[in-house]
Amino acid sequence: MRALLIALPVISLYVALAAVTFVPLTWMIRDIRPIYWVARQGCRLALALSGVRVRFVNLENTRKHRVSIFVSNHVSNLEPPALLAVLPRIAFILKKELRRIPLLGYIMGLGSFIYVDRTRADSRHHALEQAKQTLADGVSLMIFPEGTRSRDGKLLPFRPGPFTMAIETGAPLTPITVHGAGRLMPKGSLKIHPGEMTIWFHEPIETEGLNDADRGKLIERVRAVMEEALETGPPAAN
C-alpha cells in the first residue's frame, strides 16, 4: 500500500515535471546528462518512498573500465531502478513494449536505451549495431541475459546477444547478482514490500581477443559466477 499510495503518485508527478522541464532542455543543449541525472534521482526517490533499501557489494568493480557490459540476474522490477541509480552512465537493452510507456518510454529513448523487437530477427541485428555505437560513445550497457524475470530465483537460460556484443566489441563483461529483490516485489505483483535488497558486483571478465568459437565458454563462465553467488549469498555487511 505504501508504494501505491505514496510512491506511485509522487513518482508520476516527478516524471511529468521532469519531462516538461528537462526534455526541452535536452533539445536545446543537445546533452542528455541533465535528464539522466534527474532520472537517477527519481529512481533513488522511488525506492526510498517504497521503503526499499539497497546494499551494494564491491561497487568499485563497476568503474574498473571505461565501458563495460553489465549482465545481471532478473527476478523483479526493482532491479532496473536500483541499478540505474548507482551505475556509471548506462543504456539498457529493453523489449520494445516498454517504449509505449507514456513519457517514460520517450525519455528512455533520449537516454540511448535500445529497444528490441523479439519477433524480428533484423531487430536483433539493428540492436547489435546500436550497442556497438553506444559502447564506442563511452556509454556502458546493462542487459538481463535471461530476457525475462525468473519466478523462483533460479537462473533461466541465457540469450547469446550480450556475449556476442562483448566478443565483437572487446568490452569486458561485469556479472551482477541481485539478492532479495524477488521477496520485495515478486514477478506478477505490483505490490512492493519494504525491506533490503543486495546488489553484488563481481570482477569484470575480459573478452579482448575472443571470437565466436569462445562464446559458449564465455556464457558458461559468467553463468558459473552468478550461480555460485546466488547459492552462497552475498558477503555479510561490515
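**Exercise 1.** How many salt bridges does the structure hold?

*Solution.* This is a predicted model: local features need pLDDT of at least 70, side-chain atom pairs count only at pLDDT 80 or more, and totals for chains, interfaces and linings use all residues. Residues are numbered from 1 along each chain as its sequence is written, and side-chain values use heavy atoms, leaving out hydrogens and water. Apply the criterion: a side-chain nitrogen of Lys or Arg within 4 Å of a carboxyl oxygen of Asp or Glu. The structure holds four salt bridges.

**Exercise 2.** Find the partner of lysine 64 and place both residues in the chain.

*Solution.* Step one: the side chain of lysine 64 meets that of glutamate 203 at 2.8 Å, N to O. Step two: lysine 64 sits in the loop between β1 (52-57) and β2 (69-72), and glutamate 203 in the loop between β7 (195-201) and α8 (215-232). Helices (H or I, at least four residues) and strands (E, at least two) are DSSP runs, numbered from the N terminus. The pair is 139 residues apart and links distant parts of the chain.

**Exercise 3.** Is threonine 174 buried or exposed?

*Solution.* Step one: locate threonine 174 in strand β6 (residues 173-179). Step two: take the cut-offs, buried under 20% relative accessible area, exposed over 50%, partly exposed in between (1.4 Å probe, protein chains only). Threonine 174 has 1% relative accessibility, so it counts as buried. Step three: list contacts (heavy atoms within 4.5 Å). Beyond neighbours within four places in sequence, threonine 174 touches Asn61, Ser68, Ile69, Phe70, Val71, His202 and Pro204.
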